[in-house]
Amino acid sequence: MYKIALIASSHLAAHAAHLAELLHLLDRPDVSLWCDRSFHRTLTTDFDLHPTIAGYIPADYTPLDMDFVISLGGDGTLLRAARRVFAEGTPVLGLNMGRLGFLTDRSVQEALPLLSRLFDGTYTTEHRMLLSVEVDGAHYGEALNDVALLKRETGSMITLYARLADTELASYECDGLVISTPSGSTAYSLSAYGPLMMPQVRAMLITPIAPHSLTMRPLVIPEDETIDLTVSARNNTFLIVLDGQTKILPCGAKITIRKSVNSLCLLHLDSHSFTDTLRKKLLWAAPVRE
């Protein structure tokens, strides 16, 4: 029996037919299907779909005991799904029903004809690096894409004091700092002019946001480094953001970021190439002029 959890975006109105086909393909005697109550309610009331559900997954971030997790949406939905299985190593399949999507590299139209590979074992997997975050020596959380330390007000910069292990690195005067994995190099860091990194690169990336000095450039560091950060700000608080999850912290807090002992297992139904993803998503294969 395959235990499969569905974790979905709330914006799937354009994908009623795809959801119906997916649920039909998963309607098997060897599949035990799970989802949260809100998604089940959406399926029944908005789409008139009535799948057989074995049970509901908890609404909080309790770890999931599943054989597979299927993410229905964009990269944000996959990040939400990933947080449920960081420690368990459960394979996550991303079906792109969103927009750009670097983690959910296959559209739902492309993936559905291949779904039988989930059950005959002819899929492939890859492991993506995670960041582990401590606040004042206590474990705070993990991130697949990035950790951002950001200013709260719009008028004043903050200063971030960065150390690598026991060595001083820099004092960044800027709007914030993004520490990302190779997976996260296509996320927040990219919008701050950070470089792209292939997922298999064994490194972390530090990218300043709107730095006061033009000499403050993005920096790629080895994956086994430890980054220690403290913040100075006029209102004595700042934002910490893990994969989009935000909290306010006082400036006295010490943030430590390192590679996690866990990783995310991404599942692909066919041969996967990050270079293909870059060409498609960033239109690198498109003609520069007509």
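Arg279 is partly exposed, with a relative accessible area of 39% (buried means under 20%, exposed over 50% and partly exposed in between, for a 1.4 Å probe and protein chains only). Asp276 is also partly exposed, at 30%. Both residues lie in helix 7, three residues apart, about one turn of the helix (helices are DSSP runs of H or I with at least four residues, strands runs of E with at least two, numbered from the N terminus).

This is a predicted model, in which local features need pLDDT of at least 70 and side-chain atom pairs pLDDT 80 or more, while totals for chains, interfaces and linings use all residues. Residues are numbered from 1 along each chain as its sequence is written, and side-chain values use heavy atoms, without hydrogens and water.

The structure holds nine salt bridges, each a side-chain nitrogen of Lys or Arg within 4 Å of a carboxyl oxygen of Asp or Glu. The table lists three of them, including the helix 7 pair.

| Salt bridge | N to O distance |
|---|---|
| Asp276 and Arg279 | 2.3 Å |
| Asp270 and Arg106 | 3.2 Å |
| Arg128 and Glu126 | 3.2 Å |

Asp270 lies in the loop between strand 18 (255-268) and helix 7 (274-281), and Arg106 in strand 6 (residues 106-107), so this pair ties together parts that are 164 residues apart in sequence. Arg128 and Glu126, by contrast, are both buried.
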